Amino acid sequence: MIETLLTVLVVLLCCGVVYAVAGARVVKQYERGVVFRLGRLRREVRQPGFTMIVPAVDRLRKVNMQIVTLPVPAQEGITRDNVTVRVDAVVYFKVVSPADAVVAVEDYRFAVSQMAQTSLRSIIGKSDLDDLLSNREKLNQGLELMIDSPAVGWGVHIDRVEIKDVSLPETMKRSMARQAEADRERRARVINADAEFQASRKLADAASEMSRQPAALQLRLLQTVVAVAAEKNSTLVLPFPVELLRFLERAQQPAEPPPADGSDGSTGSSANGPSVDGSAAQGSAADEPVAEPSGAAPAGAPSAGQAPARDGALAGVTARRAAGEAPASTARARTQGTPARAGGEAGPGAVASRDERRDDGR
């Protein structure tokens, strides 16, 4: 009888040990345990360490609470400015509610992956190529908000989203390379032109200063000679004064041509002007009448006041020639106070009226 009791006790003890071993669980520090008892969720979440469950009744599911790095496959899309690109990204997330991550969604990793792919395609269609290449921080924030909104109900928190790479077609790469090269060339030309402008202003100031101080040009010439002699000793420098070139240039200039009106100071005159011997100017038309005073002397017999008038007219003509007057006015001045060639002497009034008629005929 005692042996039977001892056997039963040993069997019960062994069953207890097996039961204890079957219900013993260890939850790691980065994990949390969710217990389902007969299919129903126990609200108590098992913390890290040793824990016990009822074998064949409870079922323990461990959930990783670490930050998960989930790569998003490359997605091909068309940007808002009609450029085909391939963009891949990476998502960093973690579970904040183990019960929701197990109950609310079948596989929270797969769900987050699919949501990240669809959100990435949506971001590509709403963005320009320049934004994808240079403004990635803003796109990362928008992508994070798009993925985090549905993931909150799954007990998952999106920590951050990063766009890794943007693949462009080869033609677009060549076009962008040409654009960048043209932009760099433009900036180089602008900088070079600005440098030339500043240098020209400095040279103009230097030239103005040297024009006020001629000795400065000679000093600059001597400095140039010293610089050339220091670099190349075999070079012969022969300074040539600029003033000598200016003198040769003035010497090679042709003489000024005589005036076209013939007023060069010679004794010759126009057809209607007086000759050297003081004779009167001949009329321009043969049928032009000549008015004579009633008391005129015969031709060839000069009056008493004729010689002084001729002398005064010659003096006036010489003064007008020196002043550069026109030949017509000179001839008119000469005819005043001189006798006519064909009709004898004429008074001052008659000569003046004849000049007026001649001017009207011209």
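User: Before we look at tyrosine 30, how are helices and strands assigned and numbered here?

Analyst: Helices and strands are DSSP runs, numbered from the N terminus. In this predicted model, tyrosine 30 falls in the loop that lies between β1 (24-27) and β2 (31-37).

User: Is tyrosine 30 buried or exposed, and which residues is tyrosine 30 in contact with beyond its neighbours within four places in sequence?

Analyst: Buried means under 20% relative accessible area and exposed means over 50%, so tyrosine 30, at 33% relative accessibility, counts as partly exposed. Leaving aside the neighbours within four places in sequence, tyrosine 30 is in contact with Val63, Asn64, Met65 and Gln66. The C-alpha atoms of tyrosine 30 and asparagine 64 are separated by 6.2 Å, although these residues are 34 apart along the chain.

User: How should I read an aromatic pair, and how many does the structure hold?

Analyst: A pair of aromatic rings is described by the distance of the centres and the angle of the planes. The structure holds 1 aromatic pair. The ring centres of phenylalanine 93 and tyrosine 108 are 6.4 Å apart and the planes stand at 85 degrees, so the pair is edge-to-face. This pair links distant parts of the chain, with phenylalanine 93 in strand β7 (residues 84-95) and tyrosine 108 in helix α3 (residues 108-126), 15 residues apart. Phenylalanine 93 is buried, with a relative accessible area of 0%, and tyrosine 108 is also buried, at 12%.

User: Which residues form the nonpolar patch on the surface?

Analyst: The patch is formed by Met1, Ile2, Leu5, Leu6, Val8, Leu9 and Leu12, which together have about 790 Å² of accessible area. Leucine 12, one of these residues, is found in helix α1 (residues 2-23) and counts as exposed at 54% relative accessibility.

Methods. Residues numbered from 1 in each chain as written. Predicted model: local features only at pLDDT ≥ 70, side-chain atom pairs only at ≥ 80, totals over all residues. Heavy atoms only, no water. Patch = residues over 30% accessible without salt bridge, like charges linked within 9 Å, V, L, I, M, F, W, Y side chains within 5 Å. Areas by Shrake-Rupley, 256 points an atom, 1.4 Å probe, with all protein chains shown as cover. Salt bridge = Lys/Arg side-chain N within 4 Å of Asp/Glu carboxyl O. Helix = DSSP H or I, 4+ residues; strand = E, 2+ residues; numbered from the N terminus. Buried < 20%, exposed > 50% of the residue type's maximum accessible area, 1.4 Å probe, protein only. Contact = heavy atoms within 4.5 Å. Phe/Tyr/Trp six-rings, centres within 6.5 Å; stacked < 30°, edge-to-face > 60°.
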